[in-house]
Amino acid sequence: MTATLLPAAPARPRSADARAPRLDSLTGMRFVAALAVFVHHTTGLAPGSGLAQAPVLFPYSTMGVNGVGFFFVLSGFLLAWGHRPGTRRGLFYWRRAGRIWPAHLAATIPCIWVFHLWGGVPTDAFSFVTSLLLVQTWFPGVVPMFPGNGVAWTLSVEVFFYLLFPWVIGPALRLRTRTLALLAASGLAAMWAVNWWAAAHLSPFAREWVMRHPVTRLPEFAVGLVCAIALRRGHRIALRPAALLAASAAYTAVYCHRTGWFSPDTVGQLEWTVRPLVAVFSALFIVVYAQRELSGRRGALSSRPMVLLGAWSYAFYLLHQTLNRYVQDTWGRMRPDNSALFTLCGLAVAVIALSWALFTYVEEPARKWWSRHTPRRLAR
């Protein structure tokens, strides 16, 4: 697989008033990534774990955890893609808050019962409040490691990205594309080095906290941001989706069978490089499908059903682990055979239905209300 950077035309950003076109295929990708995380959580991390572990999916389903890395890359891409110079920082922050907090708070309500009151998962007031405010990943001593709605740790990382974006996008737009690419590559190399260092010097708990810290995940966001700037400047890569899919499938097979195929030293390197490499694959998928759509070619990812599922994907992500835990605590684990696929499909349909409800009756109305009540000093 080769990806060559084609000549840029033009080699400068668009004007401040230009609006980047909407990319529906990336909305469809959001659901695919959320579904990958769902399958990972439902099938578990080890043999015999999870609610419904189908051999046809496991252990490849364990790669679904990296769907969150895809979201971090996509977040950087979309913010830079839709950026309009001159937008006030306060207005940007106001809009971001209206998009993420209402659904997050609503989805946390059933978590209180499923995980803490009925499920008996220990927590404390400080840890729970940090989860509501989406700052839980900054503190190593929260109880448990994922307090409140456990999956919301990724939102804590996203909030950090949102806080940084208005301060970094201006300087980034003034840099040459090659300089930005070099900085992004350096960030991924640093991410690999931190993974290696943490594995060698920290306890498993501390290592897990470091690898979920917002600063540690910043290179993923930066890669997406740089790709969006390059694409808006006219840069393109010559890469077919089929070749990219084949390469990612091969990498998934290698990574999931690493302990049986390679020496311990190689296994270590595969584990330390997985997040940076997934960030590269994510960026390539985003850019390739964005290019296709910009050239007028639309596919399944930009179809009406996938765009709708993508719109509901945030709610899907917020709700899926709560329903997974409820079903597992109520009925126990399913038999670890391929009949578990029926359980997976049924659970996915149930989460999609609840996601539609959360989006329709909470997330979207709250966003519109929030937008209507924008303070005048921010809207000027």
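**Exercise 1. The loop between α4 and α5**

Leu134 lies in the loop between α4 and α5. Keep in mind that this is a predicted model. Work out whether Leu134 is buried or exposed, and find which peptide bond to a proline in this loop is cis.

*Solution.*
- Step 1: Look at the backbone of Leu134. Its phi is near 60°, a positive value in a residue other than glycine.
- Step 2: Turn to accessibility. Buried means under 20% relative accessible area. Leu134 has 1%, so Leu134 counts as buried.
- Step 3: Move along to Pro144, which is found in the loop between α4 and α5. The bond joining Val143 to Pro144 is cis, and its omega is near -15°.
- Step 4: Visit Gly141, which sits in the loop between α4 (125-133) and α5 (153-173). The cut-off for exposed is over 50%. With a relative accessible area of 58%, Gly141 is therefore exposed.
- Step 5: Take the distance from Gly141 to Ala206. These residues are 65 apart along the chain, and their C-alpha atoms are separated by 9.7 Å.

For practice elsewhere, try the bond between Phe58 and Pro59: this peptide bond is cis as well, with omega about 10°. Pro59 belongs to the loop between α1 and α2 (67-81).

**Exercise 2. The cavity**

Find how many cavities of 30 Å³ or more the structure has, and describe the lining of the largest cavity.

*Solution.*
- Step 1: Searching the whole structure gives 1 cavity of 30 Å³ or more. The space in the largest cavity is about 90 Å³.
- Step 2: List the lining. Among its residues are Gln136, Phe139, Pro140, Met145, Trp153, Glu208 and Arg212.
- Step 3: Sort the lining by class. There are 8 nonpolar, 2 polar and 2 charged residues.
- Step 4: Ask which element gives the most to this lining. Helix α7 (residues 204-211) does, with 3 residues.

**Exercise 3. Salt bridges**

Count the salt bridges, then trace the network that includes Arg298.

*Solution.*
- Step 1: A handy principle to start with: side chains of opposite charge can pair when their charged atoms come close. Here the count comes to 9 salt bridges.
- Step 2: Start at Arg298, which forms a salt bridge with Asp24; their closest N and O atoms are 3.2 Å apart. This pair links distant parts of the chain, with Arg298 in the loop between α11 (264-294) and α12 (304-311) and Asp24 in helix α1 (residues 24-43), 274 residues apart.
- Step 3: Add Glu293, which also forms a salt bridge with Arg298, the closest N and O atoms again being 3.2 Å apart.
- Step 4: Join the pieces. Arg22, Asp24, Glu293 and Arg298 are linked in a network of salt bridges.
- Step 5: Check accessibility. Asp24 is buried at 7%, Glu293 is buried at 11%, and Arg298 is partly exposed at 49%.
- Step 6: Set another pair beside this network. Arg367 forms a salt bridge with Glu364, with closest N and O atoms 2.6 Å apart. Both lie in helix α14 (residues 340-372), 3 residues apart, about one turn of the helix.

**Exercise 4. Helix α9**

Check the span of helix α9, then find where its buried residues lie around the axis.

*Solution.*
- Step 1: The expected span is 1.5 Å times one less than the number of residues. For the 16 residues of α9 (residues 241-256), that should be 22 Å.
- Step 2: Compare with the model. The end C-alpha atoms are 22 Å apart, so the two agree.
- Step 3: Pick out the buried residues of α9: Pro241, Leu244, Ser248, Tyr251, Thr252, Tyr255 and Cys256. They cover an arc of only 120° around the axis, so they lie on the same side of α9.

Conventions: Residues are numbered from 1 along each chain as its sequence is written. This is a predicted model: local features need pLDDT of at least 70, side-chain atom pairs count only at pLDDT 80 or more; totals for chains, interfaces and linings use all residues. Side-chain values use heavy atoms; hydrogens and water are left out. On a 1 Å grid over the protein atoms alone, a cavity is a set of points where a 1.4 Å probe fits but cannot get out, and a pocket is an open set with protein on both sides within 12 Å along at least five of seven lines; lining residues have an atom within 4 Å of a point. Grid points are joined across faces, edges and corners, and a volume is the space filled by probe spheres set on the points. Helices (H or I, at least four residues) and strands (E, at least two) are DSSP runs, numbered from the N terminus. Ala, Val, Leu, Ile, Met, Phe, Trp, Tyr, Cys and Pro count as nonpolar, Asp, Glu, Lys and Arg as charged, and the others, Gly among them, as polar. A salt bridge is a side-chain nitrogen of Lys or Arg within 4 Å of a carboxyl oxygen of Asp or Glu. Buried means under 20% relative accessible area, exposed over 50%, partly exposed in between (1.4 Å probe, protein chains only). The arc is that of the directions from the helix axis to the C-beta atoms.
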